[in-house]
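The following exercises invite the student to read a protein structure step by step. Each task is followed by a worked solution.

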Amino acid sequence: KLRLAVTLPLKITQQIISIHPHLQLWVDVFRSQLVKALSHYYILHRLTTKTSCRKVIVSPVSLYLPAVRQFARDYHLTFQVIPQTPTPFSSQLQHHLSLYLEPIRWFLAHPQELSPFILSFLPAPSPSRAEVLIFSNGLNLASYHTTIKALSKLVTIKIVTDKQNFKDRLYLAKYSISGQQLSTRHLFKAPLINSKITLTHIKSTPWFIRQSSLRHLSQEIISQTVKASGAKILAKKQQAQHLIAQVQPKLVITTHDPGPSGLSFVTAAQTQKITTLLLLHGSPSLVHFFYSDFQLIWGSIMKRWLIQIGLPPSKLKLGGHPIYVDYKRYFNHHQSKSWPITIGILTTGDGNYEWHQPLYFWDLFCHLRSLRHCRFLIRTHGMQHLRPVAQLARHFDLKVSLNPPLHLEEFVAQSDFIITQNSTAALVPLIAHKPTILLDSWFPFLDEGLIKSNPAF
């Protein structure tokens, strides 16, 4: 019943872009905001149909306010926002200390990676012109390190990255990949754009929201998004245009082109009639789309599946999955035996409005409390902020280590069993032949991935 609501945000976004083509760079931002709004509207609908409700009181960090406002208008409810309480100084200090301590914890566990990390800060030679221009962040680029090294023996390559965090720089240094980081200090001045959006009609609407309400909600969200990020995104596009004009490549490669930064390079290259290629960096989902001329994907099974959901075969190029070859080699030599028994838990998410994750862990810990003798490792997605999970685990008297300083392959090797959400990282314990249990998070608009129907589970 909710499948339409999962796919509809992309259709609405594509309709808006057909009317306002200058907004193409926002396609993935719009889609994710609409998914979030629809899911929260649905939650409110479920709650209020089972209770007698006259007023909605909400914290701005719990539910998406545009969705709550629209719901309150539709059902004639009064609406109040609780002022966000300031974060206690002790919590702020703890957060900042954890950021500074992360590299120390990491290099104590991996001293061999300190030297390449320090050397990565030294200026590295970079060609002013190249046949291939690659744009990515650190983690996605590191997944293709063998491909990049093989390609560099055939043609000249220039690598450009977005702003790098600690993990990005760490992985690039580990695999000896040097790239020019886009400067955030010298952004080009972007022209102002009209944020008024026209949305004529929506053909189909989920059963829990009226068509007029969905249209009004979509227009409000997209107008707000353009106002908030318009200048920054357009400035990124101007940076991409300037860089492509300098480098004059024959091929532009990205790792996530629906995102504004990657799509800036794709559209700038296509304007100059330069071929663009997208490297798949994760298992595709039911809502899979890209704007590059071609996408490099992982094998014939995935190609058949993507063709079945409507992607043109001519745009899909069979490649490999080079990072998984590395994992295979690693597990041939590293299979830890631990006592007590260690259970690894993998989560996924984008870090925003993940109110369902506490429900997931509450339910999971309730079932695991009889295994107090076991050790638990939890690895979250890099964008998630789930520090209170460790505190919740203590409530159930469970011994939990949250985001230990381990590479993914080390995390899997130290675990005897893996419990995973619908994450591409779940492919790694399958490669290691670890017992792997898919226990997905309850989320009404889950964008189900290919891995969820993988027979290996």
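**Exercise 1. A residue in a helix**

Does Gln-219 count as buried, partly exposed or exposed, and what is its relative accessibility?

Solution. The basis comes first: this is a predicted model, in which local features need pLDDT of at least 70 and side-chain atom pairs count only at pLDDT 80 or more, while totals for chains, interfaces and linings use all residues. Residues are numbered from 1 along each chain as its sequence is written, and side-chain values use heavy atoms, with hydrogens and water left out.

Step 1. Recall the classes: buried means under 20% relative accessible area, exposed over 50%, and partly exposed in between (1.4 Å probe, protein chains only).

Step 2. Gln-219 has a relative accessibility of 23%, so it counts as partly exposed.

Step 3. Place the residue: Gln-219 belongs to helix α9. Helices (H or I, at least four residues) and strands (E, at least two) are DSSP runs, numbered from the N terminus.

Step 4. List its partners. When residues up to four places away in sequence are not counted, Gln-219 touches Ile-197, Thr-198 and Leu-199; contact means heavy atoms within 4.5 Å.

**Exercise 2. A histidine in α9**

Determine the exposure class of His-216 and name the residues it touches.

Solution. Step 1. His-216 is placed in helix α9. Step 2. Its relative accessibility is 39%, and His-216 therefore counts as partly exposed. Step 3. Apart from residues up to four places away in sequence, His-216 touches Gln-70 and Arg-73. Step 4. Compare sequence with space for one of these: His-216 and Gln-70 are 146 residues apart along the chain, and their C-alpha atoms are separated by 8.2 Å.

**Exercise 3. The whole chain**

Describe the protein chain as a whole, beginning with its secondary structure.

Solution. Step 1. The secondary structure consists of 16 helices and 14 strands. Step 2. The radius of gyration, taken over C-alpha atoms, is compared with the globule rule, which is 2.2 Å times the number of residues to the power 0.38. The chain has a radius of gyration of 23 Å, close to the 23 Å that the rule gives for 457 residues, so it is as compact as a globular protein of that length. Step 3. The C-alpha trace spans about 65 × 60 × 50 Å along its principal axes. Step 4. Of the 457 residues, 49% count as buried. Step 5. Among contacts with a separation of 6 or more, 69% join residues 24 or more positions apart.

**Exercise 4. Helix α10**

Explain why helix α10 is described as largely enclosed by the rest of the structure.

Solution. Step 1. Helix α10 covers residues 260–271, twelve residues, and reaches 16 Å from its first C-alpha to its last, close to the 16 Å expected at 1.5 Å a residue. The expected span is 1.5 Å times one less than the number of residues. Step 2. Nine of the twelve residues of α10 are buried, so the helix is largely enclosed by the rest of the structure. Step 3. Among the buried residues are Leu-263, Phe-265 and Val-266. Step 4. The buried residues of α10 pack against several elements, including α2 (27–49), α9 (211–247) and β7 (275–279).

**Exercise 5. Helix α12 and Pro-322**

State whether Pro-322 is buried or exposed, and find its surroundings.

Solution. Step 1. Pro-322 lies in helix α12. Step 2. Pro-322 has a relative accessible area of 13% and is therefore buried. Step 3. Apart from neighbours within four places in sequence, Pro-322 is in contact with Ser-143, Tyr-144, Thr-146 and Thr-147. Step 4. Other buried residues of α12 (322–333) include Ile-323, Tyr-324 and Phe-331. The buried residues of α12 pack against α6 (138–142), α7 (145–152), α15 (408–414) and α16 (427–431).

**Exercise 6. Positive phi values**

Identify where Ser-176 and His-433 are found, and give their phi values.

Solution. Step 1. Recall the background: most residues other than glycine have a negative phi. Step 2. Ser-176, although not a glycine, has a positive phi of about 55°; Ser-176 is found in the loop between α8 (166–174) and β5 (180–181). With a relative accessible area of 62%, Ser-176 is exposed. Step 3. His-433 has a positive phi near 60° and is found in the loop between α16 and β14 (436–438). His-433 is exposed, with a relative accessible area of 66%. Step 4. A further case is Lys-273, just after α10, with a positive phi of about 60°.
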